[in-house]
Amino acid sequence: MSGCIIALLAVVCVIASEQPVPTVPKTDYELVDDFSYSQQHAQRLWKPMAGSKPVSVVEFGGRKALRMPCNFRGTRFDRASWDRELKLDLAMCKGIQLLFYSRDTSPVSSFSMYLHSGDGWYRCRFDAPVSAGWTRIKIHKKSADIEGRPAGWGKIDTIRISAWRGRDVDTEFYIAGLGLFGTGEKVVIIRGDSAASRAPGEVKGIKQYTNVMARFLDRAGLSYIVLSDLDVTAERLKASKLVILPLNPGMPDNVADGIAKFLQAGGKLLACYSLTDRLEPVVGIRSGPHVRQKYQGYFVSIRPSDEPLKGVPAITRQGSWNIQQASAVKGRSRVAAWWHNNEGQSTGKPAIVVSNNCIFLTHVLIPDDAANKLQLLLAMVGELVPELWREAAKGCLDRLGRFGPYNDYNSAEQSIRKLASGGSPALPALDRAVRLRNRSLALLSEGKFSEAIVAAEKAQEFMIDAYCLAQEPLAGEHRAFWCHSAFGVAGMTWDQAIKLLSENGFTAILPNMLWGGVAFYESDVLPVSPAVEEKDDQITLCLAACKKYDIECHIWKVNYNMGGATDKKFMVRMKAQGRTQVNYNGSSSDRWLCPSDPDNRKLEIESMLEVARKYDVDGLHFDYIRYPGKEGCFCKGCRLRFEKAIGGKVKNWPDDVRNKEELSEKWLDFRRQQITAVVAAVAQRAKESRPDIKISAAVFRDWPVDRNSVGQDWKLWCDRGYLDFVCPMDYTPSSSHFRRMVEQQLTWAGKVPCYPGIGLSVWSDPTDICKLIEQINITRQLGTGGFTIFNFSRSEAGDVLPLLGKGMTRKELRVRLP
């Protein structure tokens with residue numbers, strides 16, 4: 001069967017290669033590289049990385065493009081990649097754009113653009129669009145990750161374009177019209193990139209809350225630039241009206257001085273959570289000590305004071321865990337809102353302090369209570385720059401109907417009416433959306449901008465509600481959530497959480513009850529978490545609820561990784577016994593158990609079999625059933641066991657197993673065997689005592705690559721019948737990329753059901769119900785028979801699940817009127 005698939009793919013590739021490349025379209029933006037140079041010069045400029053073939057310049061319709069070949073067949077490198085030295089100042093733009101075309105992107109798992117600056121890189125991923133022609137791709141700075149210590153977006157000196165191997169099949173892609181986009185914006189969000197060198201632990205949070213702020217501005221239709229604090233100068237800021245600091249701890253003095261000059265020249269500032277001493281005298285707001293919540297629920301809402309901001313909601317929910325104390329300076333500032341606790345009482349702690357040129361929110365902006373949070377943000381923005389009220393109102397109206405498969409209001413309304421024909425409850429919701437839109441338009445014309453925004457947001461809410469109501473369930477579908485917390489959904493009992501799943505048509509849950517070094521139930525094999533004594537055996541509680549509400553319970557184990565909840569003494573003991581991993585460079589990976597260690601193998605197998613033996617669960621679910629990466633494990637035990645397996649000595653360890661071809665394949669096979677042995681043993685032994693139990697695994701999405709990089713040979717597990725279903729973790733916000741991945745994975749899974757993992761919780765908006773519906777529909781179109789969503793937590797349970805239950809996963813089939 002696999003031979004037929006390979007032959008068919010080869011035929012498809014030949015047919016695709018014979019298709020002519022379309023004419024390169026004309027660009028309407030400023031270019032930084034139009035590729036109008038000779039073949040020889042192109043190959044000097046664009047330097048291929050090891051293993052990659054040289055680029056070539058081609059011409060289509062009188063315009064030039066760069067051909068970038070991906071020679072994956074018969075090679076072993078991870079990516080086709082090219083570097084181009086090019087000095088760019090991207091400080092005051094939104095990002096880079098280019099034209100892209102490929103006849104076949106299926107051999108590529110993902111594309112990346114790297115931008116070198118100083119001693120580091122900015123890394124941006126982009127999707128390969130499915131299109132018959134050229135597509136414009138925009139690569140946003142705001143989505144970039146940081147590697148090393150870059151010197152700022154204003155000091156880019158090299159571009160790297162990489163196509164990561166997905167299959168061992170050759171392909172090629174073309175790029176043209178490399179340019180910039182998004183300049184001259186009124187609003188600037190300053191991202192604290194300097195933390196990468198000063199406080200690396202802060203980088204993740206800085207990016208997270210920068211993106212939260214950016215999403216809210218996107219929702220309001222307000223355009224902005226994300227500016228690195230490494231690039232801040234008063235000169236760069238002078239054309240802007242508003243600077244936003246979403247989370248900027250430890251702000252460098254030169255950045256504060258640049259912002260101070262911007263404010264003294266008439267600019268405005270919205271700062272969240274931290275306000276440096278150097279800015280306090282300029283803005284007239286006094287920052288105080290850090291204040292932790294006295295108890296959970298101490299800071300739960302923001303409510304206006306007697307001197308409120310115009311258009312601020314009466315109550316805005318925000319579950320903050322601490323704040324930065326602040327106070328008003330007499331004659332210069334005022335408290336505009338206070339923090340309230342879960343009983344609706346004021347804590348006496350200011351939430352918002354306002355001066356004539358600054359608003360200080362005493363914590364970061366959290367994305368809960370999104371509708372009111374948007375209104376709160378716009379009230380702050382509108383107070384500082386009143387002209388932005390009108391722009392936001394227009395933006396909210398323009399956004400109306402832009403969700404899921406729809407690009408504008410008219411197409412959304414017409415399509416939903418068509419979907420909701422008959423007696424669907426979607427129609428009243430849609431009619432309500434139409435009335436609210438008309439009201440918003442009227443309010444906009446009257447200059448009542450805050451009221452217009454409220455009406456537009458309500459209209460969007462009802463339109464999305466109508467879209468959800470118009471969806472139809474598919475009978476017999478496997479619908480599951482992963483639940484990463486052993487204690488379920490915060491604020492709910494297991495009974496409440498499972499009941500909610502059942503009411504909204506889900507059929508299974510995969511709760512994470514054990515790791516490599518800790519169990520959240522009464523275990524005789526693994527160390528038991530102290531929380532079990534206080535909160536009881538979590539498998540017992542979860543399983544009782546699942547039985548009560550007829551939900552399948554597949555217990556999820558994180559294999560090999562001991563996790564943060566593992567007792568430190570246990571970890572120290574594992575390391576002392578030589579049972580933890582050692583990386584290729586000799587460094588320790590203390591949280592990871594070595595898969596080739598016989599005692600570790602026994603621990604993995606026995607801990608999972610214990611669950612099947614003690615509890616009447618429906619299944620056992622593997623996760624992290626792999627190595628952490630190609631850098632592990634190279635411990636002394638691995639060397640001895642590998643040498644025994646091949647019947648010979650390795651002279652230069654570990655270099656020879658990576659660099660000598662006759663050893664490298666044996667080494668990769670050795671790694672795969674260690675992982676497969678655990679899967680096989682658990683599957684075989686569990687079914688000996690429990691023939692009805694189901695064995696499943698969460699796996700990486702790119703089997704041909706991942707079987708070598710992390711030793712996860714999940715196609716083999718399917719072929720040999722070790723798995724009853726498999727869940728590739730297809731965590732991408734791009735639905736076209738999601739479709740391509742699932743199409744390939746179905747061929748690898750063969751006869752074993754493949755329930756793709758949808759990464760809702762890792763998307764920039766973890767409440768994006770429309771994108772979730774879009775990806776569920778893809779699983780249905782491809783006939784997977786089910787899906788698995790990550791992750792079942794508070795926002796997914798409260799904001800997403802009920803919307804799915806209205807249509808997509810509704811328990812009872814609705815009878816449509818003729």
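Helices (H or I, at least four residues) and strands (E, at least two) are DSSP runs, numbered from the N terminus. The model is predicted: local features need pLDDT of at least 70, side-chain atom pairs count only at pLDDT 80 or more, and totals for chains, interfaces and linings use all residues. Residues are numbered from 1 along each chain as its sequence is written, and side-chain values use heavy atoms, with hydrogens and water left out.

**Exercise 1. Check the length of helix 6, then describe its buried side and what follows its end.**

Step 1. Set the expected span: 1.5 Å times one less than the number of residues. Helix 6 covers residues 253-264, 12 residues in total, so 16 Å is expected. Its end C-alpha atoms are 16 Å apart, which agrees.

Step 2. List the buried residues. Buried means under 20% relative accessible area, exposed over 50%, and partly exposed in between (1.4 Å probe, protein chains only). In helix 6 the buried residues are V255, A256, G258, I259, A260, F262 and L263.

Step 3. Recall the helical repeat. An α-helix has 3.6 residues a turn, so residues three or four places apart point the same way.

Step 4. Find the packing partners. Contact means heavy atoms within 4.5 Å. The buried residues of helix 6 pack against strand 13 (187-191), helix 5 (234-237), strand 15 (242-245), strand 16 (268-272) and helix 7 (280-283).

Step 5. Step past the end. G266, just after helix 6, has a positive phi of about 110°.

**Exercise 2. Classify the packing of helix 8 (residues 370-384) against helix 12.**

Step 1. Take the geometry. Axes are lines fitted to C-alpha atoms, for helices over the stretch in contact, and angles run from 0 to 180 degrees between N-to-C directions. The axes of helix 8 and helix 12 are 11 Å apart, at an angle of about 160°.

Step 2. Apply the classes. Under 35 degrees counts as roughly parallel, over 145 as roughly antiparallel, 65 to 115 as roughly perpendicular, and the rest as oblique. Helix 8 and helix 12 are therefore roughly antiparallel.

Step 3. Assign the hand. A crossing is left-handed if the near helix is turned anticlockwise from the far one by less than a right angle, and right-handed if clockwise. Helix 8 crosses helix 12 in the right-handed sense.

Step 4. Name the contacts. From helix 8, L374, Q375 and L378 meet S450, I453, V454 and E457 of helix 12. By class, this contact has 4 nonpolar, 2 polar and 1 charged residues. Here Ala, Val, Leu, Ile, Met, Phe, Trp, Tyr, Cys and Pro count as nonpolar, Asp, Glu, Lys and Arg as charged, and the others, Gly among them, as polar.

**Exercise 3. Repeat the analysis for helix 23 (residues 735-749) and helix 24 (residues 769-781).**

Step 1. The two axes come within 10 Å and cross at roughly 25°.

Step 2. Helix 23 and helix 24 are therefore roughly parallel. Their crossing is right-handed.

Step 3. S735, F738 and R739 of helix 23 meet K771, E774, Q775, I778, T779 and Q781 of helix 24. The contact divides into 2 nonpolar, 4 polar and 3 charged residues.

**Exercise 4. Identify what covers the buried residues of helix 25 (residues 794-805).**

Step 1. Helix 25 buries E796, A797, V800, L801, L803, L804 and G805.

Step 2. Their cover includes helix 12 (449-469), strand 24 (478-483), helix 13 (494-503), helix 24 and strand 33 (786-790).

**Exercise 5. Work through the loop between strand 29 (619-623) and helix 18 (636-646).**

Step 1. Start with Y624, which lies in this loop. Its phi is near 55°, a positive value in a residue other than glycine. At a relative accessible area of 25%, Y624 is partly exposed.

Step 2. Move to P628, in the same loop. P628 is partly exposed too, at 33% relative accessibility. Beyond four places in sequence, P628 touches Q581, W592 and V710. N583 is 45 residues from P628 along the chain, and their C-alpha atoms are separated by 9.9 Å.

Step 3. Finish at C633, also in this loop. A cis peptide bond joins G632 and C633, with omega about -5°.

**Exercise 6. Is F35 buried or exposed, and what is its phi?**

Step 1. Place F35 in the loop between strand 1 (31-33) and helix 2 (39-45).

Step 2. F35 is buried, at 0% relative accessibility.

Step 3. Its phi is positive, about 60°, although F35 is not a glycine.
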